Amino acid sequence: MTRRALPVTVMTLLLLAAWYIGAAWLNWPQAAETLARANRPAGFADVLAQAYAMKRPILPTPDQVVVELWNSLTGYAPTSPRNLLFHAWVTAEAALTGLAMGLALGILLAAGIVYTRTLEASLLPWVIASQTIPILAIAPMIVVILGNIGLTGLLPKAVICMYLCFFPITVGMVKGLRSADPLWVDLMRTYSASGLRAFWSLRLPASMPFLFASLKVSVAISVVGAIVGELPTGGQAGLGARLLSGSYYGQTVQIWAALIMASLLSVAVIAVVRGLELVLLGRAGAR
Amino acid sequence: MTFPNPLDFWEASASRQGSDRAVSSAKSSSAKSPVVVEARKLSLVYPTADKPVTALSEVDLTIARGDFVSLIGPSGCGKTTLLRVIADLERPTAGQIAIEGMTPEQARLKRLYGYVFQAPALYPWRTVERNVMLPLEIMGIARAERQARAREQLERVGLSGFERKFPWQLSGGMQQRVSIARALALQPDLLLMDEPFGALDEITRDHLNLHLTQLWRATGKTCVFVTHSIAEAVFLSTRIVVMSPRPGRILDVIDCNSLPRERTLDIRESPEFAAIAHRVREGLKEGHSYDD
């Protein structure tokens with residue numbers, strides 16, 4: 001354990017050092033100006049202290065962000081909009097719903113592509129083209145169109161997540177469903193197994209390692225999708241709304257706290273996926 | 001368990017290669033006809049970009065019930081192709097073949113044979129026991145019976161206690177034994193084996209050969225066994241089919257009834273064994289020029 005802890009610790013310390021140096025460098029002009037305006041002494045130590053203690057810094061220090069996170073998480077009930085957990089849950093709900101929808105769509109498309117030659121030729125270019133459209137451009141359109149037919153709240157956000165999530169799943173599963181060893185396929189034939197049986201008992205389990213690789217990519221982008229989906233809705237709740245209101249009022253500390261929360265959310269979901277992978281595939285060998 | 005002595009059937013189908021016995025007679029005979037596999041003028045030609053490759057050329061072969069038949073020959077002689085045609089994994093381009101009086105496809109759909117591949121081909125995400133249960137699952141057999149039959153077959157190949165292990169936790173020889181147990185779990189009358197021990201070391205191979213011959217004697221199944229080892233073919237077989245490449249054809253069919261039905265490893269030292277091995281070697285030499 002110590003062997004793994006040491007490089008991680010060193011890297012974390014280096015990043016923190018870079019962050020503090022960056023914060024000092026970026027906040028320096030503003031800090032010096034504040035001190036000059038207040039006619040207070042502006043020596044090196046004074047400016048540095050001021051740069052690390054500003055209310056609206058260009059780049060807040062890690063300790064400011066941690067304090068903001070701590071105050072938000074412990075100062076209010078988890079159901080209060082002032083608690084980041086509330087916002088994280090709103091975002092997670094949309095991200096997980098979108099991930100589930102993307103998973104279903106991705107597997108369905110992959111099965112279609114693997115089993116139907118015409119779909120491979122006709123569908124795959126569209127699947128790839130769909131990912132070349134900037135999500136920031138299409139997200140408001142999805143929200144507007146779905147809002148127009150009466151769908152608001154969670155669903156438009158989930159659809160945006162799905163739009164981002166299905167792609168890695170489709171690509172991974174097309175490869176995964178084709179990964180069965182020819183002998184394994186012959187074996188199914190000697191049992192005169194039906195196509196559906198061969199799918200359930202051979203192609204699908206054989207594709208699982210590919211699915212989990214894709215899923216980890218999809219989890220990360222599903223959180224991004226949910227946050228992007230929260231921006232055009234005006235932002236009542238969710239980490240995206242928090243980011244938006246933070247940028248309206250120049251609350252950089254609040255923005256950074258929400259960013260850290262978003263990455264913690266991704267890490268948590270990826271850990272769950274990894275756990276699932278270990279339970280499902282871990283015992284089946286050195287996969 | 002009682003089963004007909006294959007020696008009786010040797011008389012019945014005395015002239016095998018080039019026999020004028022019609023395939024139709026096998027078709028009309030009852031399910032327990034003495035003939036399990038009958039091929040007449042069987043050919044298989046693969047179309048390729050430059051010129052067609054003849055994998056099998058006018059092969060005539062009769063396999064009697066209870067026989068242990070080895071197909072032997074150098075690489076490219078069509079021995080695996082012939083086995084795959086019997087299993088309906090390949091379709092012949094000319095000629096006739098009947099399995100228990102049926103087409104290979106009908107036989108496959110009725111799951112009449114068990115197939116053992118060159119590699120164990122175990123599904124890595126299934127435990128040993130669930131690998132053996134796979135064919136039974138597909139046949140729709142109830143869970144309790146599936147398990148009982150899997151355990152019985154694993155015991156038969158000497159792998160009791162390994163039910164819950166995953167394939168990667170087993171040695172190559174053990175994995176191949178699991179794949180034999182899986183083929184036996186179907187309880188087929190016909191066992192098709194494609195160089196099952198080809199990738200194993202000689203000591204393991206000897207051990208598994210002994211095991212296989214005892215298994216064959218105990219179950220009375222008809223076995224078709226592809227190999228490129230002369231010693232293995234002579235040790236296991238009641239009949240040896242010598243094949244030759246370009247095009248794939250049968251050169252010689254050798255009866256091994258000078259050897260006892262019960263085989264032990266020391267029969268390999270006997271003059272009868274040497275005589276058969278010599279004839280196989282001569283046959284292989286005839287069909288294969290070593291200068292190409």
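In the predicted model, the interface between the two chains brings 17 residues of chain B into contact with 18 residues of chain A. On the side of chain B that touches chain A, at least two residues are supplied by each of the helices α4 (104–109) and α5 (128–139) of chain B, and the greatest contribution comes from α5(B), with 3 residues. When the residues on this side of chain B are sorted by class, 15 are nonpolar and 2 are charged, whereas no polar residue is found among them.

Within chain B, the assignment distinguishes domain 1, which is made up of two segments (12–112 + 188–287), from domain 2, which covers residues 120–187. The C-alpha centres of domain 1 of chain B and domain 2 of chain B are separated by 25 Å, and the two domains meet through 10 residues of domain 1 of chain B that are in contact with 10 residues of domain 2 of chain B. On the side of domain 1 of chain B that touches domain 2 of chain B, helix α8 (residues 202–219) of chain B gives the most, with 3 residues. The composition of that side of domain 1 of chain B comes to 8 nonpolar residues, 1 polar residue and 1 charged residue.

In chain A, a helix pair is formed by α3 (residues 62–75) and α11 (residues 252–281), whose axes come within 9 Å and cross at roughly 75°. Because angles of 65 to 115 degrees count as roughly perpendicular, α3(A) is described as roughly perpendicular to α11(A). From α3(A), the contact draws on A:Gln64, A:Val65, A:Glu68, A:Leu69 and A:Ser72, while α11(A) provides A:Val253, A:Gln254, A:Trp256, A:Ala257, A:Ile260 and A:Met261. By class, the residues that make the contact of α3(A) with α11(A) comprise 7 nonpolar, 3 polar and 1 charged.

At the level of single residues, B:Thr103 is placed in the loop that lies between strand β4 (94–99) and helix α4 of chain B, the latter being one of the helices that supply at least two residues to the side of chain B that touches chain A. B:Thr103 has 14 C-beta neighbours inside 10 Å and therefore counts as partly exposed, since a residue is taken as buried at 20 or more such neighbours and as exposed at 12 or fewer. Between B:Thr103 and B:Asn257 the separation is 154 residues in sequence, and the corresponding C-alpha to C-alpha distance in space is 30 Å.

Technical notes: Residues numbered from 1 in each chain as written. Chains lettered and ligands numbered in written order. Predicted model: local features only at pLDDT ≥ 70, side-chain atom pairs only at ≥ 80, totals over all residues. Contact = placed C-beta atoms within 7 Å. Helix = DSSP H or I, 4+ residues; strand = E, 2+ residues; numbered from the N terminus. Nonpolar A, V, L, I, M, F, W, Y, C, P; charged D, E, K, R; others polar. Domains from an automatic or database assignment. Axes fitted to C-alpha atoms, helices over the stretch in contact; angles between N-to-C directions. Parallel < 35°, antiparallel > 145°, perpendicular 65-115°, else oblique.
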